[in-house]
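Biologist: Could you take me through the salt bridges in this model, one pair at a time? I'd also enjoy a look at the cavity and the strands beside it, if you have the patience.

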Amino acid sequence: FTWSEFNKRVDDMAKGMLAIGITHGTHVGVWATNVPDWLTFLYAGAKIGAVLVTINTNYKQSELEYLVENADIHTMCITDGVFDGSYVDMVYTMLPELKTSQRGYLKSERFPRLRNVVYIGQEKYRGMYNTPEMLLLGQNIKDETLEAAKARVNCHDVVNMQYTSGTTGFPKGVMLTHYNIANNGFLTGEHKFTADDKLCCCVPLFHCFGVVLASMNVLTHGCTQVMVEKFDPLLVLASIHKERCTAVYGVPTMFIAELNHPMFEMFDLT
C-alpha cells in the first residue's frame, strides 16, 4: 500500500465500523497476529474515536474471557489464531450464542456489552462479519457521517487500551490517548527516521513496542512499515533482504536467533 491507498482503505473500514454501531468511545478488541489489516482496524477506530483494546496473542480461554468482560468490549476482531490455539474456537466457546445469532444481533448472557465479532480475513464464520463485509457495509455510510465522527475526536481522547499484569495480579488496562501514543512514536523516531526508511516490524502489534514505538514512529515520519505476521528469524532476514529495510525491531532473543541462523550469510543486510 501507498499511504494514500491505505488511507482510503482505513476510511472505508471506519465507515464499516460506524455501520455496525461502533462510535466515539466504543471499545474494540483486536486479537490477531501482525496481519496487514491489524493496522487498518487500528487507524479506522482512531479516526472515529473508538478505543482499540490490544489482546495478547498468547492468551488462553480464561484470560480472553477476563479481558473481554473487564474491558467492556463491544466489537471483537480476530484472526485464525496461533499454532497452539484457535481464536475462532475459543470465541465460540466463550459465546455459544454466536452460532445461532444473526451478525450484529449477538446477545450474550455472560458478556452483555459484546455485540459484534469480526473475522479479519476472507473466510466466513457463522455469526461473524468478515473484512470484505465490513468494507461493503461501509458503502452505506455517507462521507458526511464519517467526517462528523472524525470532528468529534479530540487528541486527549483515549485511543488505545493495553493490558499489562505488571508483577502481580490480573492484567490491568492502561488507557492511552492519541496525544500519548503519537508523541511517543514521534520521539522514538525523531533522531533517526525519515520517509526514506523501511522498518521491519516483527514484534507483536498487541504490545506497545509494535503498536506505538513501531507504528506511530512510521506514521509520524512517513516511513514504510514492513510487516512480519509471526516472528520467524528466516522470515525476518528475508524481509530485510527483499525490502531493503533500514531498521529492524526486536528483543535480544530475536536478534540472537537471526544472527545465529544457518542461512544468515545468504542475505544482504547492508
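Modeller: Happy to; I'll begin with the charged pairs, then turn to the cavity and the strands. Please keep in mind that this is a predicted model.

In total, the structure contains 13 salt bridges. One of them joins Glu133 to Arg103, with 2.4 Å between the closest N and O atoms. Glu133 sits in helix α5 (residues 131–138), while Arg103 belongs to the loop between α4 (87–94) and β6 (116–119), so this pair ties together parts that are 30 residues apart in sequence. How do the two partners fare for burial? Glu133 counts as buried because its relative accessibility is 14%, and the cut-off for buried is under 20%. Arg103, at 35% relative accessibility, counts as partly exposed. As for the background to such contacts, side chains of opposite charge can pair when their charged atoms come close.

Next, have a look at Lys242 and Glu243, whose side chains meet in a salt bridge with an N to O distance of 3.5 Å. Lys242 has a relative accessible area of 65%, so this residue is exposed; the cut-off there is over 50%. Glu243 is partly exposed, with 29% relative accessibility.

A further pair is made by Asp268 and Arg244, and here the N to O distance is 4.0 Å. Asp268 lies in the segment after α10 (252–259), and Arg244 in the loop between α9 (233–243) and β12 (247–248), so the salt bridge ties together parts that are 24 residues apart in sequence. Asp268 is partly exposed, at 29% relative accessible area, and Arg244 is partly exposed too, at 47%.

Salt bridges can also be linked to one another. Asp11, Lys47, Glu147 and Lys150 form a network of this kind.

Now for the cavity. The count of cavities of 30 Å³ or more comes to one, and the largest cavity holds about 40 Å³ of space. Which residues line the largest cavity? The lining is made up of Val28, Leu42, Gly45, Ala46, Ala50, Val51, Leu52 and Val159. By class, seven of the lining residues are nonpolar and one is polar, with no charged residues. Gly counts as polar in this scheme, so Gly45 is the polar member of the lining. Both α2 (37–47) and β2 (51–54) supply at least two residues of the lining. Helix α2 gives the most, with three residues.

From β2 you can step across to strand β8. Three bridges join β2 to β8, and the two strands run parallel. To find this pairing on your screen, look for Thr54, which stands opposite Gln162 in β8. Strand β8 covers residues 158–164 and is mostly covered, with five of its seven residues buried. Val159, one of the residues that line the largest cavity, falls within the range of β8.

Strand β8 also has a partner in strand β9 (residues 172–177), to which six bridges join it. This time the strands run antiparallel, whereas β2 and β8 run parallel. A handy place to start is Val158, which stands opposite Thr177 in β9.

Key. Residues are numbered from 1 along each chain as its sequence is written. This is a predicted model: local features need pLDDT of at least 70, side-chain atom pairs count only at pLDDT 80 or more; totals for chains, interfaces and linings use all residues. Side-chain values use heavy atoms; hydrogens and water are left out. Helices (H or I, at least four residues) and strands (E, at least two) are DSSP runs, numbered from the N terminus. Buried means under 20% relative accessible area, exposed over 50%, partly exposed in between (1.4 Å probe, protein chains only). On a 1 Å grid over the protein atoms alone, a cavity is a set of points where a 1.4 Å probe fits but cannot get out, and a pocket is an open set with protein on both sides within 12 Å along at least five of seven lines; lining residues have an atom within 4 Å of a point. Grid points are joined across faces, edges and corners, and a volume is the space filled by probe spheres set on the points. Two strands pair if DSSP finds at least two bridges between them.
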